[in-house]
Amino acid sequence: MQYYSLGKQSPNVDFKTAAITGQAPDKGLYFPTQIPKFTAEQIEKFKTLDKASLAFEVMKPYVGGMIDDATLQQICAETINFDFPLVPITDTISSLELFHGPTLAFKDVGARFMSRCLGYFSKHTRAEKPSTVLVATSGDTGGAVANGFLGVAGVEVIILYPKGKVSPIQELQLTTCGQNITALEVEGSFDDCQAIVKDAFMDAELNAAYNLTSANSINVARWLPQQLYYFFAWQQWVAKYGDKVPMHIVVPSGNFGNICAGMMAKASGLPLGHFVAACNDNNVVTRYLDSGNYEVRKAVATVSNAMDVGNPSNFVRIMEIMQNNFEALKSGLSSYSYDDVATASTIHRVYKTNNYILDPHGAVAFLAAEAFNQPAIILETAHPVKFPEVVEEAIGETIAIPDSVQFLLDKEKVAIPMDAKFGVFKSWMLNKVTA
Ligand SMILES: *Cc1c(COP(=O)(O)O)cnc(C)c1O
(Lines give C-alpha, C1' and ligand atoms only; values in the text may rest on other atoms or scores of the structure.)
Protein backbone atom coordinates (compact mmCIF):
# COMPACT_ATOMS: atom_id res chain seq x y z
CA MET A 1 0.00 0.00 0.00
CA GLN A 2 1.33 3.40 -1.02
CA TYR A 3 0.05 6.87 -0.21
CA TYR A 4 -0.03 9.81 -2.59
CA SER A 5 -0.28 13.46 -1.78
CA LEU A 6 -3.53 15.22 -2.60
CA GLY A 7 -1.28 18.14 -3.50
CA LYS A 8 -0.09 15.92 -6.42
CA GLN A 9 3.42 17.44 -6.29
CA SER A 10 5.19 14.91 -4.04
CA PRO A 11 6.35 11.31 -4.52
CA ASN A 12 4.29 8.39 -3.20
CA VAL A 13 5.34 7.02 0.18
CA ASP A 14 4.67 3.97 2.35
CA PHE A 15 2.62 3.95 5.56
CA LYS A 16 5.69 4.42 7.72
CA THR A 17 6.81 7.58 5.93
CA ALA A 18 3.27 8.96 5.86
CA ALA A 19 2.92 8.36 9.61
CA ILE A 20 6.32 9.82 10.46
CA THR A 21 6.02 12.93 8.30
CA GLY A 22 2.28 13.59 8.76
CA GLN A 23 1.95 15.77 5.70
CA ALA A 24 3.53 15.47 2.25
CA PRO A 25 6.37 17.87 1.32
CA ASP A 26 3.95 19.74 -0.99
CA LYS A 27 1.67 20.26 2.09
CA GLY A 28 -0.96 17.92 0.65
CA LEU A 29 -2.71 15.30 2.75
CA TYR A 30 -1.77 11.68 2.13
CA PHE A 31 -4.37 9.34 0.65
CA PRO A 32 -4.10 5.58 -0.14
CA THR A 33 -3.35 4.78 -3.79
CA GLN A 34 -6.14 2.22 -3.70
CA ILE A 35 -8.87 1.90 -1.12
CA PRO A 36 -8.79 -1.75 0.05
CA LYS A 37 -11.92 -3.65 -0.99
CA PHE A 38 -13.29 -6.25 1.39
CA THR A 39 -15.09 -9.17 -0.28
CA ALA A 40 -18.68 -10.12 0.57
CA GLU A 41 -17.25 -13.18 2.31
CA GLN A 42 -14.97 -11.07 4.49
CA ILE A 43 -17.83 -8.71 5.34
CA GLU A 44 -19.96 -11.70 6.34
CA LYS A 45 -17.16 -12.88 8.63
CA PHE A 46 -16.80 -9.40 10.12
CA LYS A 47 -20.34 -9.63 11.54
CA THR A 48 -19.21 -11.80 14.41
CA LEU A 49 -15.44 -11.35 14.60
CA ASP A 50 -14.04 -10.22 17.95
CA LYS A 51 -13.09 -6.53 18.06
CA ALA A 52 -9.32 -7.00 18.17
CA SER A 53 -9.25 -9.40 15.21
CA LEU A 54 -11.59 -7.17 13.23
CA ALA A 55 -9.37 -4.16 13.94
CA PHE A 56 -6.36 -6.12 12.68
CA GLU A 57 -8.15 -7.20 9.48
CA VAL A 58 -9.23 -3.62 8.75
CA MET A 59 -5.89 -1.95 9.47
CA LYS A 60 -3.55 -4.53 7.93
CA PRO A 61 -3.96 -3.46 4.27
CA TYR A 62 -3.38 0.19 5.19
CA VAL A 63 -0.21 -0.57 7.14
CA GLY A 64 1.01 -2.43 4.06
CA GLY A 65 3.61 -4.64 5.74
CA MET A 66 5.43 -1.82 7.53
CA ILE A 67 4.70 -3.43 10.92
CA ASP A 68 4.95 -7.20 11.47
CA ASP A 69 1.64 -9.01 12.01
CA ALA A 70 2.24 -9.97 15.63
CA THR A 71 3.05 -6.38 16.61
CA LEU A 72 0.17 -4.97 14.59
CA GLN A 73 -2.18 -7.42 16.30
CA GLN A 74 -0.99 -6.19 19.64
CA ILE A 75 -1.25 -2.52 18.63
CA CYS A 76 -4.82 -3.11 17.44
CA ALA A 77 -5.79 -4.95 20.62
CA GLU A 78 -4.44 -2.13 22.79
CA THR A 79 -6.03 0.55 20.63
CA ILE A 80 -9.57 -0.74 21.14
CA ASN A 81 -9.45 -2.25 24.63
CA PHE A 82 -12.58 -0.46 25.84
CA ASP A 83 -16.29 -0.51 24.96
CA PHE A 84 -18.11 1.07 22.00
CA PRO A 85 -21.75 0.43 22.97
CA LEU A 86 -24.69 1.34 20.74
CA VAL A 87 -27.30 2.69 23.18
CA PRO A 88 -30.88 3.53 22.13
CA ILE A 89 -32.03 7.08 22.95
CA THR A 90 -35.41 7.09 21.16
CA ASP A 91 -37.18 4.48 19.01
CA THR A 92 -35.28 5.67 15.96
CA ILE A 93 -32.07 7.27 17.23
CA SER A 94 -29.25 5.36 18.94
CA SER A 95 -26.02 6.69 20.37
CA LEU A 96 -22.72 5.07 19.54
CA GLU A 97 -20.85 5.94 22.72
CA LEU A 98 -17.25 6.62 21.81
CA PHE A 99 -16.31 8.06 25.21
CA HIS A 100 -15.32 4.95 27.14
CA GLY A 101 -11.61 5.33 26.44
CA PRO A 102 -9.00 6.80 28.82
CA THR A 103 -9.67 10.47 27.97
CA LEU A 104 -13.42 10.08 27.43
CA ALA A 105 -13.43 11.02 23.73
CA PHE A 106 -13.36 9.18 20.41
CA LYS A 107 -9.91 10.57 19.65
CA ASP A 108 -8.42 7.96 21.99
CA VAL A 109 -8.67 5.37 19.20
CA GLY A 110 -6.64 7.34 16.66
CA ALA A 111 -4.17 8.62 19.24
CA ARG A 112 -3.50 5.19 20.72
CA PHE A 113 -2.96 3.61 17.32
CA MET A 114 -0.72 6.39 16.05
CA SER A 115 1.43 6.58 19.20
CA ARG A 116 2.12 2.86 19.13
CA CYS A 117 3.00 2.96 15.43
CA LEU A 118 5.44 5.84 15.94
CA GLY A 119 6.91 4.10 18.98
CA TYR A 120 7.46 0.99 16.86
CA PHE A 121 9.02 2.93 13.98
CA SER A 122 11.32 4.85 16.28
CA LYS A 123 12.52 1.60 17.89
CA HIS A 124 13.16 -0.04 14.53
CA THR A 125 14.89 2.76 12.67
CA ARG A 126 18.01 4.50 13.66
CA ALA A 127 16.67 8.00 13.35
CA GLU A 128 19.31 10.53 14.35
CA LYS A 129 16.63 12.71 15.95
CA PRO A 130 13.56 11.65 17.93
CA SER A 131 10.14 12.40 16.43
CA THR A 132 8.50 15.56 17.69
CA VAL A 133 4.72 15.52 17.47
CA LEU A 134 3.22 18.99 17.16
CA VAL A 135 -0.48 19.19 17.77
CA ALA A 136 -3.04 21.98 17.93
CA THR A 137 -6.11 21.15 19.97
CA SER A 138 -9.54 22.62 20.61
CA GLY A 139 -9.74 20.32 23.64
CA ASP A 140 -10.05 16.62 22.98
CA THR A 141 -7.13 15.95 20.65
CA GLY A 142 -4.63 17.25 23.19
CA GLY A 143 -5.78 14.96 25.98
CA ALA A 144 -6.01 11.89 23.78
CA VAL A 145 -2.60 12.53 22.23
CA ALA A 146 -0.99 13.26 25.63
CA ASN A 147 -2.44 10.08 27.08
CA GLY A 148 -1.67 7.95 24.02
CA PHE A 149 1.97 9.12 23.72
CA LEU A 150 2.87 9.39 27.40
CA GLY A 151 6.09 7.49 28.01
CA VAL A 152 6.53 6.39 24.37
CA ALA A 153 10.31 6.30 23.90
CA GLY A 154 11.78 8.33 21.05
CA VAL A 155 8.74 10.59 20.67
CA GLU A 156 8.30 14.06 22.15
CA VAL A 157 4.89 15.76 22.11
CA ILE A 158 4.15 19.50 22.06
CA ILE A 159 0.51 20.51 22.44
CA LEU A 160 -0.82 23.99 21.61
CA TYR A 161 -4.20 24.84 23.11
CA PRO A 162 -6.22 28.07 23.18
CA LYS A 163 -6.15 29.68 26.64
CA GLY A 164 -9.51 29.66 28.41
CA LYS A 165 -11.25 27.83 25.58
CA VAL A 166 -10.98 24.24 26.79
CA SER A 167 -12.94 22.79 29.72
CA PRO A 168 -11.28 22.21 33.13
CA ILE A 169 -11.07 18.43 32.70
CA GLN A 170 -9.72 18.81 29.18
CA GLU A 171 -7.09 21.20 30.44
CA LEU A 172 -6.02 18.82 33.20
CA GLN A 173 -5.82 15.96 30.72
CA LEU A 174 -3.36 17.81 28.56
CA THR A 175 -1.32 19.72 31.14
CA THR A 176 -0.65 17.15 33.86
CA CYS A 177 1.22 14.39 32.07
CA GLY A 178 4.82 15.61 32.31
CA GLN A 179 7.56 13.33 30.94
CA ASN A 180 7.65 13.61 27.14
CA ILE A 181 4.53 15.82 26.95
CA THR A 182 4.69 19.66 26.94
CA ALA A 183 1.60 21.90 26.87
CA LEU A 184 1.66 25.45 25.47
CA GLU A 185 -1.20 27.72 26.56
CA VAL A 186 -1.70 30.04 23.59
CA GLU A 187 -3.28 33.52 23.84
CA GLY A 188 -5.64 32.98 20.95
CA SER A 189 -8.16 30.67 19.25
CA PHE A 190 -7.86 27.10 18.03
CA ASP A 191 -7.38 28.44 14.50
CA ASP A 192 -4.39 30.47 15.78
CA CYS A 193 -2.91 27.30 17.30
CA GLN A 194 -3.47 25.39 14.07
CA ALA A 195 -1.90 28.21 12.03
CA ILE A 196 1.25 28.09 14.17
CA VAL A 197 1.49 24.32 13.69
CA LYS A 198 1.02 24.67 9.94
CA ASP A 199 3.71 27.36 9.74
CA ALA A 200 6.04 25.17 11.79
CA PHE A 201 5.74 22.35 9.28
CA MET A 202 6.75 24.72 6.50
CA ASP A 203 9.65 26.30 8.36
CA ALA A 204 13.07 25.20 7.10
CA GLU A 205 14.96 25.93 10.33
CA LEU A 206 12.52 24.07 12.54
CA ASN A 207 12.51 21.13 10.16
CA ALA A 208 16.30 21.06 10.24
CA ALA A 209 16.31 21.03 14.03
CA TYR A 210 13.45 18.56 14.56
CA ASN A 211 11.79 15.53 12.99
CA LEU A 212 8.36 17.17 13.09
CA THR A 213 5.13 15.28 12.68
CA SER A 214 1.49 16.02 13.31
CA ALA A 215 -1.04 14.08 15.39
CA ASN A 216 -4.04 15.90 13.99
CA SER A 217 -6.32 13.86 11.78
CA ILE A 218 -4.26 14.86 8.75
CA ASN A 219 -1.88 12.08 9.88
CA VAL A 220 -2.99 8.79 8.30
CA ALA A 221 -1.99 6.85 11.43
CA ARG A 222 -4.54 8.84 13.41
CA TRP A 223 -7.18 9.23 10.74
CA LEU A 224 -7.51 5.67 9.39
CA PRO A 225 -8.07 3.73 12.66
CA GLN A 226 -11.17 5.86 13.22
CA GLN A 227 -12.81 3.54 10.70
CA LEU A 228 -12.87 0.85 13.36
CA TYR A 229 -15.81 2.06 15.37
CA TYR A 230 -17.98 2.18 12.26
CA PHE A 231 -17.27 -1.55 11.95
CA PHE A 232 -18.08 -2.09 15.65
CA ALA A 233 -21.30 -0.08 15.33
CA TRP A 234 -22.32 -2.05 12.27
CA GLN A 235 -21.72 -5.36 14.11
CA GLN A 236 -24.14 -4.25 16.83
CA TRP A 237 -26.64 -2.85 14.34
CA VAL A 238 -26.72 -6.05 12.28
CA ALA A 239 -27.08 -8.18 15.42
CA LYS A 240 -30.13 -6.12 16.34
CA TYR A 241 -31.82 -5.21 13.04
CA GLY A 242 -30.30 -7.66 10.53
CA ASP A 243 -28.43 -6.55 7.44
CA LYS A 244 -31.42 -5.32 5.42
CA VAL A 245 -32.03 -2.14 7.43
CA PRO A 246 -29.55 0.55 6.37
CA MET A 247 -27.49 2.09 9.17
CA HIS A 248 -27.48 5.84 8.58
CA ILE A 249 -24.83 7.70 10.55
CA VAL A 250 -24.78 11.20 11.97
CA VAL A 251 -21.33 12.49 12.85
CA PRO A 252 -20.62 15.70 14.79
CA SER A 253 -17.98 17.21 12.53
CA GLY A 254 -15.22 19.78 12.88
CA ASN A 255 -12.14 18.88 10.88
CA PHE A 256 -14.17 16.12 9.14
CA GLY A 257 -11.58 13.42 9.90
CA ASN A 258 -14.01 11.19 11.73
CA ILE A 259 -16.80 11.26 9.15
CA CYS A 260 -14.26 10.88 6.37
CA ALA A 261 -12.96 7.70 8.05
CA GLY A 262 -16.54 6.38 8.05
CA MET A 263 -16.85 7.16 4.36
CA MET A 264 -13.59 5.23 3.77
CA ALA A 265 -15.05 2.23 5.62
CA LYS A 266 -18.06 2.41 3.32
CA ALA A 267 -15.88 2.78 0.23
CA SER A 268 -13.97 -0.35 1.29
CA GLY A 269 -17.17 -2.39 1.24
CA LEU A 270 -18.78 -2.03 4.67
CA PRO A 271 -22.50 -1.69 3.86
CA LEU A 272 -23.22 1.58 5.65
CA GLY A 273 -26.15 3.90 4.95
CA HIS A 274 -26.15 7.65 4.39
CA PHE A 275 -23.76 10.01 6.17
CA VAL A 276 -24.92 13.18 7.86
CA ALA A 277 -22.41 15.79 9.03
CA ALA A 278 -23.75 17.65 12.06
CA CYS A 279 -22.17 21.09 12.43
CA ASN A 280 -22.43 24.04 14.78
CA ASP A 281 -22.25 27.61 13.46
CA ASN A 282 -18.97 26.69 11.78
CA ASN A 283 -20.86 25.33 8.82
CA VAL A 284 -18.80 25.74 5.65
CA VAL A 285 -19.74 22.21 4.51
CA THR A 286 -23.45 22.63 5.27
CA ARG A 287 -23.46 25.77 3.13
CA TYR A 288 -21.43 24.10 0.41
CA LEU A 289 -23.91 21.23 0.08
CA ASP A 290 -26.76 23.77 -0.11
CA SER A 291 -25.20 26.23 -2.50
CA GLY A 292 -22.27 24.58 -4.28
CA ASN A 293 -20.00 27.38 -3.04
CA TYR A 294 -17.15 26.40 -0.75
CA GLU A 295 -16.72 29.56 1.24
CA VAL A 296 -14.28 29.43 4.16
CA ARG A 297 -14.91 31.66 7.17
CA LYS A 298 -12.96 32.33 10.33
CA ALA A 299 -13.97 29.94 13.11
CA VAL A 300 -16.44 31.24 15.70
CA ALA A 301 -16.50 29.98 19.30
CA THR A 302 -19.42 27.71 20.26
CA VAL A 303 -20.33 25.37 23.12
CA SER A 304 -19.43 22.36 20.94
CA ASN A 305 -15.88 23.67 20.74
CA ALA A 306 -14.27 20.59 19.21
CA MET A 307 -16.17 21.49 16.05
CA ASP A 308 -15.05 25.13 15.95
CA VAL A 309 -13.15 24.75 12.71
CA GLY A 310 -13.44 27.31 9.94
CA ASN A 311 -11.65 25.36 7.22
CA PRO A 312 -11.90 21.59 7.76
CA SER A 313 -8.65 19.92 6.70
CA ASN A 314 -10.12 16.55 5.79
CA PHE A 315 -12.75 17.80 3.39
CA VAL A 316 -10.31 17.33 0.50
CA ARG A 317 -10.15 13.63 1.41
CA ILE A 318 -13.93 13.35 1.30
CA MET A 319 -13.89 14.95 -2.15
CA GLU A 320 -11.24 12.44 -3.21
CA ILE A 321 -13.38 9.49 -2.02
CA MET A 322 -16.24 11.02 -4.03
CA GLN A 323 -13.95 11.48 -7.04
CA ASN A 324 -14.41 15.22 -6.78
CA ASN A 325 -17.95 14.88 -8.03
CA PHE A 326 -20.44 17.22 -6.35
CA GLU A 327 -23.48 15.11 -7.26
CA ALA A 328 -21.86 11.94 -5.90
CA LEU A 329 -21.00 13.85 -2.76
CA LYS A 330 -24.56 15.00 -2.29
CA SER A 331 -25.93 11.49 -2.75
CA GLY A 332 -23.73 10.15 0.06
CA LEU A 333 -23.55 13.08 2.45
CA SER A 334 -25.98 15.59 3.95
CA SER A 335 -25.28 18.27 6.51
CA TYR A 336 -27.22 20.34 9.03
CA SER A 337 -26.04 23.11 11.30
CA TYR A 338 -27.34 24.28 14.70
CA ASP A 339 -26.51 27.14 17.03
CA ASP A 340 -25.74 27.12 20.75
CA VAL A 341 -29.31 27.89 21.83
CA ALA A 342 -30.64 24.86 19.95
CA THR A 343 -27.78 22.75 21.33
CA ALA A 344 -28.50 23.62 24.97
CA SER A 345 -32.26 23.19 24.66
CA THR A 346 -31.72 19.78 23.05
CA ILE A 347 -29.53 18.61 25.94
CA HIS A 348 -32.36 19.69 28.25
CA ARG A 349 -35.14 18.11 26.17
CA VAL A 350 -33.43 14.76 25.60
CA TYR A 351 -32.59 14.49 29.29
CA LYS A 352 -36.18 15.23 30.34
CA THR A 353 -37.83 13.12 27.63
CA ASN A 354 -35.43 10.21 27.18
CA ASN A 355 -33.33 10.33 30.33
CA TYR A 356 -30.14 10.46 28.27
CA ILE A 357 -27.38 13.02 28.85
CA LEU A 358 -25.95 14.27 25.57
CA ASP A 359 -22.74 16.26 25.39
CA PRO A 360 -22.92 19.44 23.22
CA HIS A 361 -21.47 17.65 20.17
CA GLY A 362 -23.89 14.75 20.54
CA ALA A 363 -26.74 17.25 20.92
CA VAL A 364 -25.90 18.84 17.56
CA ALA A 365 -25.86 15.34 16.08
CA PHE A 366 -29.19 14.49 17.69
CA LEU A 367 -30.80 17.53 16.08
CA ALA A 368 -29.35 16.56 12.71
CA ALA A 369 -30.69 13.01 13.15
CA GLU A 370 -34.17 14.40 13.84
CA ALA A 371 -33.94 16.58 10.74
CA PHE A 372 -32.73 13.66 8.64
CA ASN A 373 -35.84 11.84 9.81
CA GLN A 374 -34.85 8.20 9.22
CA PRO A 375 -33.62 5.66 11.79
CA ALA A 376 -29.99 6.51 12.44
CA ILE A 377 -27.13 6.31 14.86
CA ILE A 378 -25.39 9.38 16.21
CA LEU A 379 -21.77 9.31 17.28
CA GLU A 380 -21.46 10.48 20.89
CA THR A 381 -17.92 11.77 20.52
CA ALA A 382 -17.22 12.85 24.12
CA HIS A 383 -18.47 12.27 27.65
CA PRO A 384 -20.78 15.10 28.85
CA VAL A 385 -18.60 15.62 31.93
CA LYS A 386 -15.99 17.20 29.67
CA PHE A 387 -18.39 20.11 29.11
CA PRO A 388 -19.83 20.61 32.60
CA GLU A 389 -20.82 24.29 32.28
CA VAL A 390 -23.17 23.81 29.36
CA VAL A 391 -24.50 20.40 30.26
CA GLU A 392 -25.13 21.01 33.96
CA GLU A 393 -26.90 24.27 33.19
CA ALA A 394 -29.04 22.52 30.56
CA ILE A 395 -30.07 19.56 32.70
CA GLY A 396 -30.18 21.44 36.01
CA GLU A 397 -28.07 18.84 37.79
CA THR A 398 -24.41 18.15 38.36
CA ILE A 399 -22.82 15.27 36.47
CA ALA A 400 -20.80 12.73 38.39
CA ILE A 401 -17.14 12.65 37.38
CA PRO A 402 -16.30 9.12 36.21
CA ASP A 403 -13.77 7.26 38.36
CA SER A 404 -11.42 7.02 35.42
CA VAL A 405 -10.72 10.79 35.49
CA GLN A 406 -11.16 11.49 39.21
CA PHE A 407 -7.40 11.26 39.80
CA LEU A 408 -6.83 14.30 37.55
CA LEU A 409 -8.43 16.62 40.07
CA ASP A 410 -5.46 16.27 42.44
CA LYS A 411 -2.91 17.05 39.77
CA GLU A 412 -1.28 20.36 39.06
CA LYS A 413 -1.54 22.09 35.70
CA VAL A 414 1.82 22.73 34.04
CA ALA A 415 1.67 24.83 30.85
CA ILE A 416 3.92 27.34 29.15
CA PRO A 417 2.09 30.58 28.27
CA MET A 418 2.67 31.74 24.72
CA ASP A 419 1.57 34.55 22.40
CA ALA A 420 -0.27 33.45 19.27
CA LYS A 421 2.67 34.40 17.08
CA PHE A 422 4.64 31.97 15.01
CA GLY A 423 7.86 33.93 15.62
CA VAL A 424 7.51 33.51 19.39
CA PHE A 425 6.83 29.81 19.06
CA LYS A 426 9.73 29.34 16.68
CA SER A 427 12.31 30.98 18.90
CA TRP A 428 11.03 28.98 21.87
CA MET A 429 11.51 25.78 19.85
CA LEU A 430 14.97 26.78 18.63
CA ASN A 431 16.07 27.74 22.16
CA LYS A 432 14.85 24.43 23.42
CA VAL A 433 17.05 22.52 21.04
CA THR A 434 20.18 24.39 22.11
CA ALA A 435 19.23 24.47 25.81
C1 LIG B 1 -12.61 16.26 17.53
C2 LIG B 1 -14.03 16.19 17.93
C3 LIG B 1 -15.07 16.31 16.99
C4 LIG B 1 -14.80 16.60 15.54
O5 LIG B 1 -14.19 15.53 14.88
P6 LIG B 1 -13.51 15.77 13.44
O7 LIG B 1 -12.88 14.49 13.10
O8 LIG B 1 -12.54 16.88 13.63
O9 LIG B 1 -14.63 16.15 12.53
C10 LIG B 1 -16.37 16.18 17.43
N11 LIG B 1 -16.64 15.98 18.72
C12 LIG B 1 -15.69 15.87 19.66
C13 LIG B 1 -16.08 15.71 21.07
C14 LIG B 1 -14.35 15.97 19.30
O15 LIG B 1 -13.41 15.87 20.23
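**Lys-107, a cavity and charged pairs in a predicted model**

Reader: In which helix is Lys-107 found?

Author: The model discussed here is predicted. Within it, the helix that spans residues 107-123 contains Lys-107, and this is helix 5.

Reader: Which side chain of opposite charge is nearest to Lys-107, and how far away is it?

Author: Lys-107 is buried yet has no salt bridge. Leaving aside neighbours within four places in sequence, Lys-107 is in contact with Thr-141, Ala-144 and Arg-222, as well as with Asp-140. A salt bridge requires the nitrogen and oxygen to lie within 4 Å. The nearest side chain of opposite charge to Lys-107 does not form such a bridge with it: this is Asp-140, at 4.8 Å.

Reader: With which residue does Asp-140 form a salt bridge?

Author: The closest N and O atoms of this pair are 2.6 Å apart. One partner lies in the loop between strand 12 (376-380) and helix 18 (388-395) and Asp-140 lies in helix 6, so the pair ties together parts that are 246 residues apart in sequence. Asp-140 has 3% relative accessibility and therefore counts as buried, and its partner, at 0%, counts as buried too. The residue that forms the salt bridge with Asp-140 is Lys-386.

Reader: What is the volume of the largest cavity, and which helix supplies the largest share of its lining?

Author: The count comes to 1 cavity of 30 Å³ or more, and the largest cavity has a volume of about 280 Å³. Of the 25 residues that line it, the closest to its centre are Phe-106, Lys-107, Gly-254, Asn-255 and Ala-306. Helix 6 (140-149) and helix 12 (257-267) each supply at least two residues of this lining. The largest share, 3 residues, comes from helix 12.

Reader: Is helix 11 largely enclosed or not, and how many of its residues are buried?

Author: Helix 11 covers residues 228-241, and its end C-alpha atoms are 20 Å apart, which agrees with the span expected at 1.5 Å a residue. Among its buried residues are Tyr-229, Tyr-230, Phe-231, Phe-232, Trp-234 and Trp-237. Just after the helix, Gly-242 takes a positive phi of about 80°. Helix 11 is largely enclosed by the rest of the structure, because the number of its 14 residues that are buried is 10.

Reader: Which residue meets Glu-156 in a salt bridge?

Author: The N to O distance in this salt bridge is 2.6 Å. The pair links distant parts of the chain, 276 residues apart, with Glu-156 in strand 6 (residues 155-162) and its partner in helix 20 (residues 422-434). That partner is partly exposed, with a relative accessible area of 27%. The residue that meets Glu-156 is Lys-432.

Reader: Which residue forms a salt bridge with Glu-370?

Author: The closest N and O atoms are 2.8 Å apart. The pair joins helix 17 (residues 360-372), which holds Glu-370, to helix 16 (residues 340-354), and the two residues are 21 residues apart. Glu-370 counts as partly exposed at 33% relative accessibility, and its partner counts as partly exposed at 34%. The salt-bridge partner of Glu-370 is Arg-349.

Reader: How many salt bridges are counted, and which residues are linked in a network of them?

Author: Side chains of opposite charge can pair when their charged atoms come close. In this model the count of salt bridges comes to 14. The residues linked in a network are Glu-44, Lys-47, Asp-243 and Lys-244.

Note on methods
Residues numbered from 1 in each chain as written. Predicted model: local features only at pLDDT ≥ 70, side-chain atom pairs only at ≥ 80, totals over all residues. Heavy atoms only, no water. Helix = DSSP H or I, 4+ residues; strand = E, 2+ residues; numbered from the N terminus. Expected span 1.5 Å × (residues − 1). Buried < 20%, exposed > 50% of the residue type's maximum accessible area, 1.4 Å probe, protein only. Lys, Arg positive; Asp, Glu negative; His and termini not counted. Contact = heavy atoms within 4.5 Å. 1 Å grid on protein atoms, 1.4 Å probe; cavity = no way out; pocket = protein on both sides within 12 Å on 5 of 7 lines; lining within 4 Å. Points joined across faces, edges and corners; volume = space filled by probe spheres on them.
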